[in-house]
Each structure stands twice: as structure tokens, then as C-alpha cells.
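Hi everyone, thanks for coming. Let's take a short walk through one structure together, so please have a look at the picture before I start.

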Amino acid sequence: MVQLCYLILKIMINKIYKSVKLSIIPYLLFSNLIFTQESNFMEKIIERETIGIRHMVEGFRELATLTNNIDVLEKIPTYKSNTDNYKFDFTIIDIEENDENIFRGTIAIALGSTLDDKIHIIIDIKNWLQLSVYEKFSTIIHELCHDALNLKHTDDDPRSLMHPTSQPKTLEELTRMTVRMLENYKFGLLKEFDKNELYIHSNSIESKTKIYNRSKLNNISFRKIN
Ligand SMILES: [Zn+2]
């Protein structure tokens, strides 16, 4: 079964490469230029990264199917279910531009944690573009689990995808960490948030395990890039 999951993720990663690879080389060459002016170029990068993210969601759903995790499939629908009644929203912005210290080094925030009618994940563009494809994939699955399944971290289990700091470096690690998390979820071994709780993982180790109340984000505005 793990082998099959590995193959599914491999297929998805090939699709992601096709949509994303053209954006990363210009980014590395012109990153300073891109961030100092509004540009179509940035919009194109975001567009391609968003297509990659959709493949990641589908990849995760396929793994949930293979591991017979019906609950995950219900809580994380396909993009086709993106309607007024159910909002599926990945927003790619410049989180670090915000002066608040709690956002330094933040890659993503699962803003929809404990909200059942939407999946809302915001992603910091600068930190995101520095991740490998495996790290991006694991970030999306990890945030989806916070957001849609309301899962907390597994601080004492670095082999699970819900560990706050351990990141897969290879496709095999990504597969094993995801399958382990899915199995743990299926057997009810993972803890869930209380109402209005969420994580803001910034670059301090301590903050990665700290729970905030949603109200912390009430007065903060994030500038959209596109
Ligand atoms: Zn987390």
C-alpha cells in the first residue's frame, strides 16, 4: 500500500513540475526585481504555483482513498466543489510584509481551522518559493489537516506529517510521513483544536507549537500580491 501511495505521489509531482518549473528559474534570477514592483511576472508565478497546489490537494485525496479514509475525503472536497456554500481558498501573499513579529518566517497559516464551511490557507510567497517540491507538498497537506480536519501537531512523533518541524527531504519520506499521519487519523489518535484556535508557525521553534486564538488576526491586514 505504501508503494502504491509512493507511485501516486510521484505522478502528482511530475504534474506539479510541469506547471511550476518554468516559474522557479526566473524567480531565482530576478527575485529582488519581482518584489520591488508589481509585475505580470509575479502573477504568472502565482498562477502556476496555484495549479501545483491543486495537484497537491488531489494527490492527498488519492492517498486518502487508498488508505480508506472516507472522513478525509468528506472534509477535503475536490476543487469542483468550490461554491458559494463551500469556499476553497488558497491565497498567496506577502505575509512577512506585516510588521507583527509573530509572522517572521511564516510559510503558511491555516486560517480556516475550526471553520467547517471553508478551507482558507494563506501562503507567504517568499518563503514558499524557497521550498523543495516535497516540502511544498508536505506544507499543503499539513495545512489542510490543520484547516479542514482541525488537527493539532504531534509534537512527540517526528515521523508524522503533523510534527511541527520535521520536513520530508525525499519522496519516500513524504509518502511515509503522510501515510503514518493518515493511519493515525483513521484510528482517532490525533488531537483536534478547540473552537477558534489556530497555529501561526513562525521561525522560532517555540512558536511552531503555540496555539493562538483567531482574534489575534482580526486587526491585521495582508497585502495581496495580485
Ligand atoms: Zn502546523
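A quick word before we begin: this is a predicted model. I'd like to start on strand E1, with its side chains. Phe88, Phe90 and Ile92 point to one face and are buried. Lys87, Asp89, Thr91 and Ile93 point to the other face and are not buried. If that back-and-forth looks familiar, good: in a regular strand the side chains alternate between the two faces of the sheet.

Now, where does E1 sit in its sheet? The sheet is an open one with 3 strands, in the order E1-E3-E2, and the pairing is mixed. Strand E1, residues 87-93, and strand E2, residues 108-110, stand at the edges with a single partner strand each, so one side of each has no neighbour in the sheet. From one strand to the next, the twist averages 10°.

How do strands hold on to one another? As a reminder, strands of a sheet pair through backbone hydrogen bonds, either parallel or antiparallel. Here E1 pairs with strand E3, residues 118-124, in the parallel sense, over 7 bridges. You can find the partners yourselves: Thr91 stands opposite Ile122 in E3, and Ile92 stands opposite Ile123 in E3.

Let's move on to a helix. Helix H5, residues 133-148, lies across E2 and E3 and runs at about 140° to E3. H5 has 16 residues and reaches 22 Å from its first C-alpha to its last, close to the 22 Å expected at 1.5 Å a residue. Just after H5, look for Asn150, which takes a positive phi of about 60°.

So how many residues of H5 are buried? The count is 14 of the 16, so H5 is largely enclosed by the rest of the structure.

Part of its surroundings is another helix. H5 and helix H6, residues 171-186, pack at an angle of about 10°, with their axes 10 Å apart. That makes H5 roughly parallel to H6. On the H5 side of the contact we have Tyr134, Phe137, Ser138, Ile141 and Cys145. On the H6 side they meet Leu171, Leu174, Met177, Thr178 and Met181. What kinds of residues make up this contact of H5 with H6? They divide into 8 nonpolar, 2 polar and no charged.

That's my tour, thanks for listening!

How values were computed. Residues numbered from 1 in each chain as written. Predicted model: local features only at pLDDT ≥ 70, side-chain atom pairs only at ≥ 80, totals over all residues. Pairing = 2+ DSSP bridges. Helix = DSSP H or I, 4+ residues; strand = E, 2+ residues; numbered from the N terminus. Axes fitted to C-alpha atoms, helices over the stretch in contact; angles between N-to-C directions. Contact = placed C-beta atoms within 7 Å. Buried ≥ 20, exposed ≤ 12 C-beta atoms within 10 Å, placed from the backbone. Expected span 1.5 Å × (residues − 1). Parallel < 35°, antiparallel > 145°, perpendicular 65-115°, else oblique. Nonpolar A, V, L, I, M, F, W, Y, C, P; charged D, E, K, R; others polar.
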